[in-house]
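Subject: Handover of a structure for your review

Dear colleague,

Please find below the structure that I am handing over to you. I should be grateful if you would read the notes that follow it with the coordinates open.

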Amino acid sequence: MDVGMARADAIQAGLYTNPFLNVAGLLPDSGGLANIQASVAQNIAELWQIPVRKLRLRALWMRRLLILPGRQQSSPQTPKSRTT
């Protein structure tokens, strides 16, 4: 399950967000033509952030893929105290 979620995160990291589209129409009070304006905006910071995110999350995906099912990552154990 963790491998599938890590793979989905890696794929999502490589996608750009949706651009913003703004359209405005202004009607004049005293005759004349309507003024219609449109603009499209995209987050330019994604151009350099996406490659870094992809590398980081693909490494996480590969790390989770290499962990065998049923095995936990080894962690340092503290010695148990003896009671006598």
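The notes below begin with the chain as a whole and then turn to individual residues.

Please bear in mind that this is a predicted model. The protein chain contains two helices and two strands, and their order along the sequence is α-β-β-α. Of the 84 residues in the protein chain, 8% are buried. The exposed area of the chain comes to about 8,000 Å², of which carbon and sulfur atoms supply 59%. As for contacts between residues at least 6 apart in sequence, 51% of them join residues at least 24 apart.

Two residues of helix H1 may be considered together. Helix H1 spans residues 2–13, and Ala13 belongs to it. Ala13 has a relative accessible area of 5% and is therefore buried, the cut-off being under 20%. Once neighbours within four places in sequence are set aside, the contacts of Ala13 are with Ile50, Arg53, Lys54 and Leu57. For one of these partners, Ile50, the C-alpha to C-alpha distance from Ala13 is 6.4 Å, although 37 residues separate the pair in sequence.

Gly4 is also found in helix H1. Its relative accessibility is 46%, so Gly4 counts as partly exposed. The C-alpha atom of Gly4 lies 9.1 Å from that of Leu65, a residue 61 positions away along the chain.

In helix H2, Glu46 deserves a closer look. Glu46 is part of helix H2, and it is buried without having a salt bridge. Which side chain of opposite charge is nearest to Glu46? It is that of Arg53, at 4.9 Å; a salt bridge requires a separation within 4 Å, so this pair does not qualify. The side chain of Glu46 does, however, make a polar contact of 2.8 Å with the side chain of Thr17. Leaving out residues up to four places away in sequence, Glu46 touches Thr17, Tyr16 and Pro51.

Tyr16 appears again at the surface. Together with Ile44, Leu47 and Trp48, Tyr16 makes a nonpolar surface patch of about 500 Å². Trp48, a member of this patch, sits in helix H2, which covers residues 46–66. With a relative accessible area of 55%, Trp48 is exposed, because the cut-off for that class is over 50%.

Yours sincerely

Key:
Residues numbered from 1 in each chain as written. Predicted model: local features only at pLDDT ≥ 70, side-chain atom pairs only at ≥ 80, totals over all residues. Heavy atoms only, no water. Helix = DSSP H or I, 4+ residues; strand = E, 2+ residues; numbered from the N terminus. Buried < 20%, exposed > 50% of the residue type's maximum accessible area, 1.4 Å probe, protein only. Contact = heavy atoms within 4.5 Å. Patch = residues over 30% accessible without salt bridge, like charges linked within 9 Å, V, L, I, M, F, W, Y side chains within 5 Å. Areas by Shrake-Rupley, 256 points an atom, 1.4 Å probe, with all protein chains shown as cover. Lys, Arg positive; Asp, Glu negative; His and termini not counted. Polar contact = N/O pair within 3.5 Å; in protein donor to acceptor, adjacent residues only side chain to side chain.
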